[in-house]
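The following exercises concern cysteines, a sheet and a loop proline. Please work through each task before reading its solution.

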Amino acid sequence: MTVLLPRDKNASRNIKQSKSESGYKTADVNKNKPRDINKPSILYNNKKINDNAKKVFIKTYGCQMNVYDSERMVDVLSPIGYMPVETPEDADLVILNTCHIREKAAEKVYSELGRIRQLKKKNNPGMKVAVAGCVAQAEGSEIKRRAPVVDMVLGPQTYHKLPEMIAKVHRNSGEVLETDFDTLEKFDNLPETRHVKGFSSFLTIQEGCDKFCTFCVVPYTRGAEVSRPVDQIINEARNLASQGVREITLIGQNVDAYSIMGPNFKQWGLGELISHIALIGGIDRLRFTTSHPRDMDDNLISILGAEPKLMPYLHLPIQAGSDKVLNAMNRGHTYQEYKLLIDKIRSSRPDIALSGDFIVGFPGETETDFQQTMRCVEEIGYASSFSFKYSVRPGTPGASLPQQVSEDVKSDRLKRLQDLLYSQQLEFNESLVGQTLDKRLQDLLYSQQLEFNESLVGQTLDVLIENVGRGENQLFGRSPYLQGTHFNGSADLIGQIRPVLITKAGRNSLSGELVQE
Ligand code: 5AD
Ligand code: SF4
């Protein structure tokens, strides 16, 4: 495997395999890191709660798009007197902002609604409950049927209607369900000012997806690709800068599909947008996620190398290494094309830290196909990654691929005859196969991540200091490669970008010493 070292423009080296840690990667320490979408987060802005304010508790599941949306719901609710709180116990309004990407994520919502129902019954009968996000969009009124505690169901493009919906619930006037798909109407109607805390913020520039990967629900829950107008984005970025934000992550389902008529009456892509946001004073760092290999054009790749404010981190999922599986997934590119793209990206930005998503066990994936995913990981070299077992999503083409049907058909007679005797054995064996594949891939990815971090020891990196750390006199910040970095220093440095000499590396974080300037 060849991995290019950060900050060493011409270097390449062979990385030997080392034994890696086990367990899942979690990435919820910092909200601007691609999130472990299996872990919900609570939105809370630490402001003192005004005694007269109504309280809203928002629990966010899924990706960074949902994190941004939850923050915008607070912006919508604040003018009508709501303040965010940390626990649901005495909240007037509970909102679950949900994710539908895998079956487990969607089912979690129903167990949470069970807990909320108990809570409401026990100590807060006046509490109103809303389900927002992709489960709301996908299941609509079915949610209210399965969980009558729910008062409102609202899809991702309808948050600007929250005040109206709350009024309707209080008037008791019929079903409160909004699942329209008008993304631009939402952005036109969201408040201009955002209430942010911290120095790093998400900014949605694009929503939806036209790619229709056969495993994915996103094109159905978020709708078609829609780009936000340039002036709206620039105004929002300026507003963030005026509130002290120093790092912006431009987000969208496919940010590199961003395309819109710019103020100069020329078509703008993500590259042009980045170059303009980079001109805003106070914004020192820019990132963007998620990218699709089909949409990374030459202009964007050259800006990745040329724009100093762009951080050297790129999340560019491939999902699988076998051309047969890539084709069945409708990814629209081969492994070779992805590899060439990575070569181009690395020649433009040699110190790039690459991150990827992988799915194992897609219908029809054989051991040979899986070995090609392993080969892909070895050849490309990832600094960070997310890997998942394929989850059947009803309504997506993957759910009805012929291989799955023929598996059932093949098993059918045998099953009926020997069900009782063999079912446990079969289930056990099948679960072992899945787990083994998943773990082997994760081990390889984790060892690469550790190797990458270790290669930074001895280097001085600019760290955006975000907070105090756990230990006494300790600070926490993010390196240009997005690793959490711990070092000693005084709390008045929070919000500054300072050089830190890296002295130690773990798989998920770095430690070091502040360099006196
Ligand atoms: N099963 C497993 N993983 C999935 N993803 C999307 N849909 C599924 C599914 N049905 C993963 C992809 C995507 C990431 C956000 O979630 O890897 O890039
Ligand atoms: Fe889903 Fe594929 Fe679109 Fe990504 S590109 S959101 S995986 S359909």
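A disulfide is a pair of cysteine sulfur atoms within 2.5 Å. The model is predicted, so that local features need pLDDT of at least 70 and side-chain atom pairs count only at pLDDT 80 or more, while totals for chains, interfaces and linings use all residues. Residues are numbered from 1 along each chain as its sequence is written, and side-chain values use heavy atoms, with hydrogens and water left out.

**Exercise 1.** Determine how many disulfides the whole structure holds, and classify Cys134 as buried or exposed.

Solution. A search of the whole structure yields zero disulfides. For Cys134, the nearest cysteine sulfur belongs to Cys99 and lies 6.5 Å away. Buried means under 20% relative accessible area, exposed over 50%, and partly exposed in between (1.4 Å probe, protein chains only). Cys134, with a relative accessible area of 9%, is therefore buried. Cys216, at 12%, likewise counts as buried.

**Exercise 2.** Establish the strand order of the open sheet that contains E18.

Solution. Strands are DSSP runs of E with at least two residues, helices runs of H or I with at least four, numbered from the N terminus. Two strands pair if DSSP finds at least two bridges between them. The three strands follow the order E17-E18-E19, with parallel pairing. Strands E17 (313-315) and E19 (384-389) are the edges, each pairing on one side only. Six bridges join E18 (residues 353-360) to E19; Asp357 has Phe386 in E19 as its bridge partner.

**Exercise 3.** Locate Pro79 and decide whether Pro79 is buried or exposed.

Solution. Pro79 sits in the loop between helix H1 (64-77) and strand E5 (82-84). Its relative accessibility is 64%, so Pro79 counts as exposed. The C-alpha atoms of Pro79 and Pro191 are 9.4 Å apart, although 112 residues separate them along the chain.

Conventions. Chains are lettered from A and ligands numbered from 1 in the order in which they are written.
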